[in-house]
Amino acid sequence: MFLVGFAQIYLPVISFILMIKKHAYMKARISAYKAELNSVKKEYEESEAFLKNNSDIEIPPRFRHEGALNNIIKGLRAREFVSLEQAFFRYEESMNRG
C-alpha cells in the first residue's frame, strides 16, 4: 500500500534511469562505429595512395571486386604472399574450391 502511493514518483524515476542507461549504451555504440569508420577510411586512403604510386600494376578484371581486393591486400600486408601474382593465384584457387 505504501509503494502504491509513491508509484507516481517511482515510475518516472525508473524510466529516467533506464533512459540514461540506454543513452550511455547508444553513445558507446556510436563511438565504436565512428572508430571503425575512421579505420576503414584510413585503409581506403592508404590503398588509394598505393595505387597512385604504383599505377603500372594491372589487376585482372575478375579480381576487381571489393571482396577480392580486400583479401589480397590483407594477405600482402600479412606477408602471406610473396608477390601480387602469387596472391592472384591463391585467391583464384580459393574461389575454385568453394
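Helices here are DSSP runs of at least four residues, numbered from the N terminus. Keep that in mind for the labels below. The model on your screen is predicted.

**Stop 1: the largest pocket**

Start by selecting three helices: α2 (7–53), α3 (66–77) and α4 (84–97). Each of them supplies at least two residues of the lining of the largest pocket. The volume of this pocket is about 740 Å³. Its lining has 21 residues. Now select Ser-47, Leu-69, Asn-70, Ile-73 and Arg-77. Of the lining residues, these are the closest to the pocket centre.

What kinds of residue make up the lining? Colour it by type: 12 residues are nonpolar, 3 are polar and 6 are charged.

**Stop 2: a nonpolar patch**

Next, select Ile-9, Val-13, Phe-16, Ile-17 and Ile-20. Together they make a nonpolar patch on the surface, of about 470 Å². Click on Ile-17, which lies in helix α2. Is Ile-17 buried, partly exposed or exposed? Its relative accessibility is 43%. Partly exposed covers the range between 20% and 50%, so Ile-17 counts as partly exposed.

**Stop 3: Ala-35**

Stay in helix α2 and select Ala-35. Its relative accessibility is 46%, so Ala-35 also counts as partly exposed. Now draw a distance line from the C-alpha of Ala-35 to the C-alpha of Arg-77. The line spans 21 Å. Along the sequence, the two residues are 42 residues apart. You have already met Arg-77, one of the residues closest to the centre of the largest pocket.

**Stop 4: the loop between α2 and α3**

Move to the loop between α2 and α3 and select Ile-59. Buried or exposed? Ile-59 has 19% relative accessibility. The cut-off for buried is under 20%, so Ile-59 counts as buried. Now add Leu-69 to the selection. The C-alpha atoms of Ile-59 and Leu-69 are separated by 9.4 Å. In the chain, these two residues are 10 residues apart. Leu-69 is another name from the pocket stop, where it is listed among the residues closest to the centre.

**Stop 5: the loop between α3 and α4**

Finish at Arg-79, in the loop between α3 and α4. Check its backbone angles. What is the phi of Arg-79? Phi is near 60°, a positive value in a residue other than glycine. Most residues other than glycine have a negative phi. Then turn on the surface. Arg-79 has a relative accessible area of 73%, so it counts as exposed.

Conventions. Residues numbered from 1 in each chain as written. Predicted model: local features only at pLDDT ≥ 70, side-chain atom pairs only at ≥ 80, totals over all residues. Heavy atoms only, no water. 1 Å grid on protein atoms, 1.4 Å probe; cavity = no way out; pocket = protein on both sides within 12 Å on 5 of 7 lines; lining within 4 Å. Points joined across faces, edges and corners; volume = space filled by probe spheres on them. Nonpolar A, V, L, I, M, F, W, Y, C, P; charged D, E, K, R; others polar. Patch = residues over 30% accessible without salt bridge, like charges linked within 9 Å, V, L, I, M, F, W, Y side chains within 5 Å. Areas by Shrake-Rupley, 256 points an atom, 1.4 Å probe, with all protein chains shown as cover. Salt bridge = Lys/Arg side-chain N within 4 Å of Asp/Glu carboxyl O. Buried < 20%, exposed > 50% of the residue type's maximum accessible area, 1.4 Å probe, protein only.
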